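Here is a walk through one protein model, meant for someone who has not looked at it before. Take a moment with the picture, and then read on.

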Amino acid sequence: MVSELVQRGRYVDELEVGMRFSHRPGRTASEADNVLFSSLTMNTQALHLDAAYSATQPFGQRLMNSMWTLATLVGASVSQVTQGTLVAQLGLDGIRFPAPLFHGDTLYAETEITQIRRSASREGQGIVTMRHIGRNQDGTVVAEATRTALMWYSDAAPTTEASS
């Protein structure tokens, strides 16, 4: 019999504090990403949209929208960590952008599990805290965030097409 493997994240009981994930492939940021994301989110910041203006500013070019960077950083972790095992995202803390990301840069994401505990109020679920780090192609940290998520334990998770 041939096994069927369904791509999913990890259940709480499959995670350990200190576990690290390197999410690949990376994502190369494009001008189209920046303009579309900024427009969809009604962010008219000239540093994202106006090349002539941005050329006169300290970085000399347009910056990727930091919310695109954050969303892509977190999104890159989904398939390995939370796909089908997440109940809810509880919060984001410690969000930082220590260096800029530009058009043409590639964002590489890493996740480290920093804390795990059983939920006191939700049977079969646990609270997982993870630290996301985004680096550009040169290894420079361009984004950091700590995310707290409510996740299933394997023996309590509902069986569905998305999480089975």
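Accessible areas here come from the Shrake-Rupley method with a 1.4 Å probe. On that basis, the protein chain exposes about 9000 Å², and carbon and sulfur atoms supply 51% of that area. Keep in mind that this is a predicted model.

Let's start with the overall plan. The protein chain has four helices and five strands, and reading along the sequence gives you the pattern β-α-α-α-α-β-β-β-β. Its C-alpha atoms fill a box of roughly 55 × 40 × 30 Å along the principal axes. There are 164 residues, of which 37% count as buried. If you look at the contacts with a separation of 6 or more, 70% of them come from residues 24 or more positions apart. As for charge, there are 13 positive and 16 negative ones, and the mean positions of the two groups are 4 Å apart.

Now go inside. In soluble globular proteins, nonpolar side chains tend to be buried together. In this chain, the largest nonpolar core has 10 residues: Val12, Leu15, Phe21, Val81, Ile113, Val128, Met130, Ala149, Met151 and Tyr153. Two elements give two or more residues to this core, namely β4 (125-135) and β5 (141-152). Apart from this core lies another one, of seven residues, including Met64, Ala99, Leu101 and Val142.

Phe21 is a good member of the larger group to follow. You'll find Phe21 in strand β1, and it counts as buried because its relative accessibility is 6%, under the 20% cut-off. Leaving out residues up to four places away in sequence, Phe21 touches Arg10, Leu15, Gln80, Val81, Ala109, Glu110, Thr111 and Ile113. One of these partners shows how the chain folds back on paper versus in space: Phe21 and Thr111 are 90 residues apart along the chain, yet their C-alpha atoms are separated by 5.1 Å. Another core member, Ala149, is in contact with Leu86, Ala88, Gln89, Leu90, Gly126, Ile127, Val128 and Met130, again leaving aside neighbours within four places.

Stay on strand β1, residues 20-28, and you come to His23. Is His23 buried or exposed? It is buried, since its relative accessible area is 2%. Its side chain makes a polar contact of 2.5 Å with the side chain of Gln80. Beyond neighbours within four places in sequence, His23 is in contact with Ala76, Ser77, Gln80, Val81, Ala109, Glu110 and Thr111. A little further along, Pro25 also sits in strand β1, and a cis peptide bond joins Arg24 to Pro25, with omega about 5°.

Next stop is helix α1, residues 31-40, where you meet Asn34. Asn34 counts as buried because its relative accessible area is 0%. A polar atom of the Asn34 side chain lies 3.3 Å from the backbone oxygen of His48. Once close sequence neighbours (within four places) are set aside, Asn34 is in contact with His48, Leu63, Met64, Asn65 and His103. One of those, Met64, belongs to the seven-residue core mentioned earlier.

After that helix, look for Met42 in the loop between α1 and α2 (46-49). Met42 is exposed, because its relative accessible area is 73%. Its phi is near 60°, a positive value in a residue other than glycine. Most residues other than glycine have a negative phi, and most peptide bonds are trans.

Finally, try strand β2, residues 86-96, which holds Val87 as well as Leu90. Where do these two stand between buried and exposed? Val87 counts as partly exposed because its relative accessibility is 30%, and Leu90 is partly exposed too, at 48%. Leaving aside neighbours within four places, Val87 is in contact with Arg122, Gln125, Leu150, Met151 and Trp152, while Leu90 is in contact with Ile127, Thr148, Ala149 and Leu150. The C-alpha atoms of Leu90 and Ile127 are separated by 8.8 Å, with their positions 37 residues apart along the chain.

Methods: Residues are numbered from 1 along each chain as its sequence is written. This is a predicted model: local features need pLDDT of at least 70, side-chain atom pairs count only at pLDDT 80 or more; totals for chains, interfaces and linings use all residues. Side-chain values use heavy atoms; hydrogens and water are left out. Buried means under 20% relative accessible area, exposed over 50%, partly exposed in between (1.4 Å probe, protein chains only). A polar contact is a pair of N or O atoms within 3.5 Å; within protein, one must be able to donate a hydrogen and the other to accept it, and residues adjacent in sequence count only if both atoms are side-chain atoms. Contact means heavy atoms within 4.5 Å. Lys and Arg count as positive and Asp and Glu as negative; His and the chain ends are not counted. The place of a charge is taken as NZ of Lys, CZ of Arg, CG of Asp or CD of Glu. A nonpolar core is a set of buried Ala, Val, Leu, Ile, Met, Phe, Trp, Tyr and Cys residues joined through side-chain atoms within 4.5 Å.
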